[in-house]
Amino acid sequence: MAESKFHGMISREEADQLLSQAEGSYLIRESQRQPGTYTLALRFGNQTRNFRLYHDGKHFVGEKRFESIHDLVTDGLITLYIETKAAEYIAKMTINPIYEHVGYTTLNQEPTLKKHLPHSQEEPDGPTPAKDDHNTEERLTSLVRRATLRESDLAPKYEKVHNFKVHTFRGPHWCEYCANFMWGLIAQGVKCADCGLNVHKQCSKVVPNDCQPDLRHVKKVYSCDLTTLVKAHNTKRPMVVDMCIQEIEARGLQSEGLYRISGFSELIEDVKLAFDRDGEKADISSNAYEDINIITGALKLYFRELPIPLITYDAYPRFIEAAKITDPEKRLEALHEALKLLPPAHCETLRYLMGHLKRVTQYEKENLMTSENLGIVFGPTLMRAPELDAMTALNDIRYQRLVVESLITNEDVLF
């Protein structure tokens, strides 16, 4: 189809003449001004529209990529028609969204809806529920199912932005924000990779930061965004941090060179795989891993593999600036201000970790690990320079050490 529509090097005027007979007709021409570049000429609304055409294995004029020119044109005509005929309606789509009426907040305040979701897998004491109730649950949209999930009173309600990715929906699909149809052949909207929310790209810009990650979408522990992980598991801190620290404190505080001595890398990788596979059911006891350095190595690896470091890229400069202050009181004040820049889940995890490292230093006669030694180990583990040149990043290492050392020493004051 693409070859039959290619008309070689012709002018805009010639293309316009060829297409003037039929609405929706199109052709491809080579540019006379820039040989080797191609233009898609498309007839729509009684005028010829010209688009620069690209090819990287697939055909595209914008961000959507198509196997054939015919599919590209079909999608383009659908989009042009809807955006032309329904422009006013599209502009108003986000003004009174259905999301505000059946979204997370409203449904969490409706205890009656909780009956649709069983609280446990155990057999009920009373009679078996009628089939109609089961069908009602089946009919609930994914949004309603997520909204009615019961949250633990102990877990803080951390705010989290949705992790939207462009998505191609098979068959007719409606936006879960505005309840309007998603149009086009491919990439009709976006889907949150963490909670599964499906919305128009336009609507994604106004969706609140209320992502409730679902374990069906969040399938790993390591290399997962920290806030995403704690919300998915409904905990204050990543379970890997809690479990490793509890294990280390139970049997390793007096171990010489704790955190400095490395365990066998293949066994550390084994612990990582256990957490990714089994979550909080992972066995990291002395029966499974006798060497405590395997557990410390797994904990350090968790922090190293965070996509956003524990001390985030946004907060990084403020922590480094604080470390450069020589006056102890002013440095402490600057660190206190820098901590406010961390997302709540990051700050809570850092608080818990620093409390643990402070307890490690209380056994420094046995383990030989001072706050300075721990700062050397954890500085680059918890902090990564945001795209700095190699020389600046190298100079920052000593300040990273000072940051962690100060956080450990003043843990009781700062947190």
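Between which two strands does the loop that holds Ala179 lie? The legends below take up this point after an overview of the predicted model.

**Figure 1. Overall view of the predicted protein.** The protein contains 19 helices and seven strands, where helices (H or I, at least four residues) and strands (E, at least two) are DSSP runs numbered from the N terminus. Of its 415 residues, 44% are buried, that is, under 20% relative accessible area, with exposed meaning over 50% and partly exposed in between (1.4 Å probe, protein chains only). The accessible surface comes to about 22900 Å², and 50% of this area belongs to carbon and sulfur atoms; accessible areas come from the Shrake-Rupley method with a 1.4 Å probe, and for residues only the protein chains shown count as cover.

**Figure 2. Close-up of Ala179.** Ala179 sits in the loop between β5 (164–167) and β6 (189–192). Its phi is near 65 degrees, a positive value in a residue other than glycine, and Ala179 is partly exposed, with a relative accessible area of 36%. Most residues other than glycine have a negative phi.

**Figure 3. Close-up of Ser223.** Ser223 is placed in the loop between α8 (201–204) and α9 (226–233). Although Ser223 is not a glycine, its phi is positive, at about 65 degrees, and with 29% relative accessibility this residue counts as partly exposed.

**Notes.** Residues are numbered from 1 along each chain as its sequence is written, and side-chain values use heavy atoms, with hydrogens and water left out. Because the model is predicted, local features need pLDDT of at least 70 and side-chain atom pairs count only at pLDDT 80 or more, whereas totals for chains, interfaces and linings use all residues.
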